[in-house]
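Biologist: Could you take me through one strand of this model and its partners, slowly please? After that, I'd like a look at the spaces in the structure and at one histidine.

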Amino acid sequence: MVDENPLLSPSPLPYRLPDYARIRPEHYLPAFETAFARHREEIEAIATAADPPTFENTVLPLEESGRMLEDVAHAFYTVSSADATAAIQHIDEQLAPLMAAHDDAVRLDARLYARVKDLYDRLDELDLDDEQRYLIARHHREMAHAGAALDQAEKEHLSELNRRLSVLTTTFEKNLLADTNELAVVFDDVAELDGLTEGEISAAAEAAKQRGLESAYVITLPLFTGHPSLSSLTDRNSRERIMHASRARGSRGGTHDNRPVLREIVRLRAERAALLGYPSHAAYITADQTAGTPEAVERMLRRLAGPASRNAAAEYEALQKIASTSHDAETVAAHDWAFYTEKVRAERYALDRAALRPWFEAERVLFDGVFRAAGDLYGLSFRERTDLVAYHPDARVFEVFDDDHSPVGLYVLDLYTRDTKRGGAWMYPIVSQSTLRGTAPVVVNNLNVPKPPTGTPTLLTLDEVTTLFHEFGHALHGLLARVTYPHFAGTNVFRDFVELPSQVNEMWIFWPEVLASYARHIDTDEPLPADVVEQLHASEAFNQGFATSEYLAAAWLDQAWHRLSVDEASADIDVAEFEAAALADIGLDHPAVPPRYSSTFFAHVFSGGYSAGYYSYIWSEVLDADTVEWFRENGGLTRANGDRFRARLLGVGGSKDPLEAYRDFRGRDAQIGPLLERRGLTA
């Protein structure tokens, strides 16, 4: 019965947190069907209104519409990415074409578009505030960009393309998850894991136990090409096995081969772009981003690729020298890079990053690091709500309060990896803030940290600490945006701007009072030694040739695939040959520096929302580095600085042009100099 489905009525829990304790997989599809129908009814009422269009009878009800669908979708997609059981995956596959068809029915409705266009054409005549004017402009732009101005035959073709693409991207993600699980590397002898800490070995034994493997050790694979263990493992064969498994994902033939999937995705995206009047998918995507054109993206990537490649080559020579001296490897390969990098780092800076884990206990990093910085900057405080049940036992719920003790929203942290969770790390809104709807934000951060045995503390790598601060920056954007209209909630900003708050939040990792608060030894409570902190600062630009090159290589692969015309994308493309040619074209084809993501496991662009947009990280980093410079020039971690950043950037969500918001905060446009200096690209 409908009234028995907990998804079809507002959640009784605080902040409308979905009542996951009552939601079962069989509830989702019926809830979506009901929500689709209700949303169509709401759109029909707007589109067929007899009165001439006004903000009040067209845009306002458009913002009010689809509330049930948004609630159901956010509840489901939170689970489908973080706990994708077989039942959830089956629902996801069925749902993908239904969701695509429904989205098109709304975005391509000619009657609705005509009313929005009428308002847009008369924008200067209307008595509206700035946010209302921008809302009309965005609705008009997004509907036109989606194809609302096409004729009926073209719309039908477009909808067919969108439906097929929704199936393919879901298939890509399913294949990747399955192949990542299958390729987890099993070691039978603990000696093969020499170099790992006791905690890391315990986590590997626990992972094996979860798979029913006794007296074995399992190293699971992260989303990116490399692996944290590669920096520590002394057995070269063990390193090679892990790297080989990682790079093989989605390209081994058989059921989970993503090569035919991604080729069809690329072809259909090119075809859709042509239908919408663009020469390529990259041109289509960037047209509604701050970059504007793929040529602008290319200019930045090529500007950075040359010095990054030269720096990586110099770094390689240093690695080769130490490898040759130790007689461990005649030629340093991709699986050796991290291992020898740590040897060079230790030689130059007397620094062993792998040995820092005891200072980065997860609870302390969270409460005395991440939450502490948010308190000092924005006056926020956090209280765990053990009475609130999230979608998985590992997901913890925190209530967030402002400095006047007024409630802000809920923050959910899901720290640990599992076979049902997709790789990587991300933030997602479970409930979006809107004063129009009277809703407060509920946001979730997902990471993929190996889970230690019960009763054992979770010790993070420095990279995992960075990821937690980064993703919490997205969470802050979702928590602190205060907008009227749900269209502008939280992180609903241009894709090549969305990474700014997350990247800026990384600056507090090494801020003295924050670091002193959370970086304390798990056994002795001693702070991270001053000489180690000094060496960490001194080595900030170390290995940036590699880091920048692997990132730029992936960003360029994304552009290369999505700059193809329909004819080019329709050719019988060999994926490996295409990648090699693209990397050679931009000069990022060093055999020991593979792209951070190869095409067959590039989830950001073939199943996520970053298609033709992976450049966004470095594009946003120009703004980030410039913002960090501003904070340092103005006293750093202070409430005054936090309040300014909150009011002029985080707080506006997507309710104004992002570059205008940045100028309002910074007082000028961003300059690229701080980024070049940060990444050691100035020479």
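Modeller: Let's start with a single pairing: Pro429 has Val443 as its bridge partner in β7. Bear in mind as we go that this is a predicted model. Pro429's side of the pairing belongs to strand β6, residues 426–431, which is joined to β7 by 5 bridges, with the two strands running antiparallel.

β7 has another partner too. Strand β5, residues 407–416, is linked to β7 by 6 bridges, and here the strands run parallel. If you want a spot to click on, try Leu413, whose bridge partner in β7 is Asn445. So how many residues of β7 are buried? Strand β7 covers residues 442–449, and 7 of its 8 residues are buried, so you can call the strand mostly covered.

Now for the histidine. His562 sits in helix α19, which spans residues 544–562. Is His562 buried or exposed? Its relative accessibility is just 1%, and buried means under 20%, so His562 counts as buried. Its side chain makes a polar contact with the side chain of Arg269, at 2.9 Å. Skip the neighbours within four places in sequence, and His562 is in contact with Arg269 again, plus Ser280, His281, Ala282, Val605, Phe606, Ser611 and Ala612.

On to the empty spaces. Searching the whole structure turns up 5 cavities of 30 Å³ or more. The largest cavity holds about 120 Å³ of space. It has 13 lining residues, and those nearest its centre are Ala84, Gln89, Asp92, Glu173 and Lys174. Helices α3 (67–82), α4 (86–107) and α7 (152–182) are the elements giving two or more residues to that lining, and α7 gives the most, with 4. Sort the lining of the largest cavity by class and you get 2 nonpolar, 5 polar and 6 charged residues.

Pockets are worth a visit as well. About 410 Å³ of space lies in the second largest pocket. It is lined by 19 residues, with Arg247, Val575, Ala576, Glu579 and Ser598 closest to its centre. Both α10 (259–275) and α21 (575–586) supply at least two residues each to the lining of this second largest pocket, and α21 gives the most, with 5 residues. By class, the lining of the second largest pocket has 9 nonpolar, 4 polar and 6 charged residues.

Methods:
Residues numbered from 1 in each chain as written. Predicted model: local features only at pLDDT ≥ 70, side-chain atom pairs only at ≥ 80, totals over all residues. Heavy atoms only, no water. Buried < 20%, exposed > 50% of the residue type's maximum accessible area, 1.4 Å probe, protein only. Polar contact = N/O pair within 3.5 Å; in protein donor to acceptor, adjacent residues only side chain to side chain. Contact = heavy atoms within 4.5 Å. 1 Å grid on protein atoms, 1.4 Å probe; cavity = no way out; pocket = protein on both sides within 12 Å on 5 of 7 lines; lining within 4 Å. Points joined across faces, edges and corners; volume = space filled by probe spheres on them. Nonpolar A, V, L, I, M, F, W, Y, C, P; charged D, E, K, R; others polar. Pairing = 2+ DSSP bridges.
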